[in-house]
Amino acid sequence: MITLSATLSRVKPSPTIAVSTKARELKEAGRDVIGLGAGEPDFDTPENIREAGKRAIDEGKTRYTAPDGIPELKKAICAKFKRDNGLDYAPSQISVGTGGKQILYNALMATLNPGDEVVIPAPYWVSYPDMVLLAGGEPVFVEAGMDTGYKITADQLDAAITDKTKWFIFNSPSNPTGAGYTWDELKALTDVLLRHPQVLIMTDDMYEHLVFGDYKFCTPAQVEPKLYDRTLTCNGVSKAYAMTGWRIGYAAGPEQIIKAMGKIQSQSTSNPCSISQWAAVEALNGTQDFIPKHNEIFQRRRDLVVSMLNEAEGIECPMPEGAFYVYPSIKGCIGKTAPSGTKITDDEVFATELLEDKGVAVVFGAAFGLSPYFRVSYATSDEALKEACTRIQDFCKSLS
Ligand SMILES: Cc1ncc(COP(=O)(O)O)c(C=O)c1O
């Protein structure tokens with residue numbers, strides 16, 4: 001019999017990937033399924049970026065690179081931080097990895113010791129707790145529901161921090177809620193962090209450019225420069241540049257952490273894909289014109305989905321500031337019975353019944369650490385969204 005690593009028993013597979021897989025299987029079996037589970041833009045990578053990737057291949061930029069990124073990309077990342085966030089970083093403070101996911105993972109692996117606590121607002125991006133567990137740490141959750149716009153308060157953060165707290169993970173705009181902290185809301189949190197000098201701040205700014213209306217993105221090291229020395233600002237090209245498959249993410253922060261992350265990478269993946277790194281140089285240095293164009297489309301879809309979901313019986317859906325997700329409450333559906341005879345006891349049952357009865361795949365809230373909710377990714381066509389929301393309305397109406 002094969003014995004697996006004890007560490008592995010601490011984690012579960014990604015539930016969002018599980019939903020996409022189930023939806024794909026049903027589709028392959030001939031069912032008419034609309035997937036609202038995927039966390040990626042449905043746009044193609046912009047042409048100038050694709051061309052840069054092709055050029056890299058033709059010019060033979062196809063060999064191993066420095067483990068944590070080519071100098072040209074580090075330079076482009078420094079320029080991006082200056083331009084977009086007013087933050088000064090030197091190339092020695094930058095690490096490039098195989099997606100934002102690997103960057104966060106490297107940082108946790110490089111810093112956590114057994115017993116170290118990591119404060120994570122819930123609902124959270126599914127991978128944070130499991131990455132912390134894989135790295136030997138202990139996740140500590142702070143819950144924020146619809147009543148506070150899915151944003152934690154300063155008092156909640158203060159109460160969650162102990163002598164063992166190593167990191168506070170911050171994600172705004174958020175996956176799964178789309179909630180974006182305003183400057184003042186974030187300042188209230190950074191004021192708390194100033195009082196706890198042992199805490200490092202890991203900010204996941206993956207949805208920085210996906211913001212709507214009057215909402216202005218801000219990041220902790222910008223809001224409170226006194227936290228610069230203990231903040232790791234993480235970002236990537238996956239979402240804003242429709243480059244999920246290229247796998248490039250990056251971080252900026254204290255040299256000591258950046259060096260340690262590079263060490264892990266040099267012994268695991270060696271370096272992120274050379275071709276993708278050159279494409280990312282073009283993404284960051286080239287035209288940014290398509291970002292507002294994409295956002296206009298996302299905003300229209302957000303408005304459509306929020307208004308249609310609010311018309312469904314038992315569902316309440318607030319309007320998020322960014323990303324491409326909504327996180328409606330199904331409080332009004334709990335306790336009802338589906339046409340199959342199954343009682344809707346929680347959000348996982350709701351999502352399973354919805355998929356089986358109406359062929360709409362959403363991710364249940366428990367996967368993100370806060371029930372009773374579900375997540376809809378609206379990064380799909382208007383037609384598919386209209387049809388999916390109509391089916392959700394019909395499903396809710398059919399509950400008795
Ligand atoms: C909040 C958040 N952080 C990080 C990532 C990972 O991004 P990447 O695809 O670059 O690894 C995602 C992807 O879904 C995300 O939603």
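## What "buried" means here

A residue counts as buried if 20 or more other C-beta atoms lie within 10 Å of its own, exposed if 12 or fewer do, and partly exposed in between. Keep that in mind as we walk through this structure, which is a predicted model.

Let's try the idea on strand S2 (94–97). Are its faces covered or open? Both are covered: Ile 94 and Val 96 sit on one side, Ser 95 and Gly 97 sit on the other, and all of them are buried. That back-and-forth pattern fits a general rule: in a regular strand the side chains alternate between the two faces of the sheet.

## The seven-stranded sheet

S2 belongs to an open sheet of seven strands, and the order across it is S2-S8-S7-S6-S5-S3-S4, with mixed pairing. S2 and strand S4 (138–143) stand at the edges; each has a single partner strand, so one side of each has no neighbour in the sheet. On average, neighbouring strands here are turned by 20 degrees against each other, if you ignore direction.

What holds strands together in a sheet? They pair through backbone hydrogen bonds, either parallel or antiparallel. You can find both kinds in this sheet. S2 and strand S8 (residues 249–252) run antiparallel and are joined by four bridges. Gly 97 has Gly 249 as its bridge partner in S8, while Ser 95 has Ala 251. S5 and S6, on the other hand, pair in the parallel sense over five bridges, and Phe 168 is partnered with Ile 201 of S6.

## A look at S6

How many of the five residues of S6 are buried? Five of them are, so to speak the full set. Leu 200, Met 202 and Asp 204 point one way from S6, and Ile 201 and Thr 203 point the other way.

## Helix H4 and the ligand

Now find helix H4 (residues 99–111), which lies across S2, strand S5 (165–171), strand S6 (200–204), strand S7 (231–236) and S8. Against S8, the helix runs at about 45 degrees.

H4 also matters when you look around the ligand: with three residues, this helix gives the most to the shell there. The shell has 13 residues, and those that come nearest are Gly 99, Gly 100, Lys 101, Asn 175 and Ser 238. Sorted by class, the shell has nine polar, two nonpolar and two charged residues.

## A second sheet

There is also an open sheet of three strands, in the order S9-S12-S11, with antiparallel pairing. Strand S9 (325–326) and strand S11 (363–364) are at its edges with a single partner strand each, so one side of each is left without a neighbour in the sheet. Two bridges pair S11 with strand S12 (residues 374–377), and Val 363 stands opposite Arg 375 in S12.

## Lys 386 and the annotated domain

Further along the chain, Lys 386 is part of helix H13 (residues 382–398). Why is Lys 386 called partly exposed? Because 14 other C-beta atoms lie within 10 Å, and that count falls between the limits of 12 and 20. Its C-alpha atom is 24 Å from that of Phe 290, a residue 96 positions away along the chain.

Finally, an unreviewed UniProt entry places the feature "domain: Aminotransferase class I/classII large" at residues 32–392. Over that stretch the chain is 39% helix and 14% strand, and the end C-alpha atoms are 14 Å apart.

How values were computed:
Residues are numbered from 1 along each chain as its sequence is written. This is a predicted model: local features need pLDDT of at least 70, side-chain atom pairs count only at pLDDT 80 or more; totals for chains, interfaces and linings use all residues. Two strands pair if DSSP finds at least two bridges between them. Axes are lines fitted to C-alpha atoms, for helices over the stretch in contact, and angles run from 0 to 180 degrees between N-to-C directions. Two residues are in contact if their C-beta atoms, placed from the backbone, lie within 7 Å. A residue is near a molecule or strand if its C-beta atom, placed from the backbone, lies within 6 Å of it. Ala, Val, Leu, Ile, Met, Phe, Trp, Tyr, Cys and Pro count as nonpolar, Asp, Glu, Lys and Arg as charged, and the others, Gly among them, as polar. UniProt positions are given in the numbering used here, feature names are shortened, and annotations may be inferred rather than shown by experiment.
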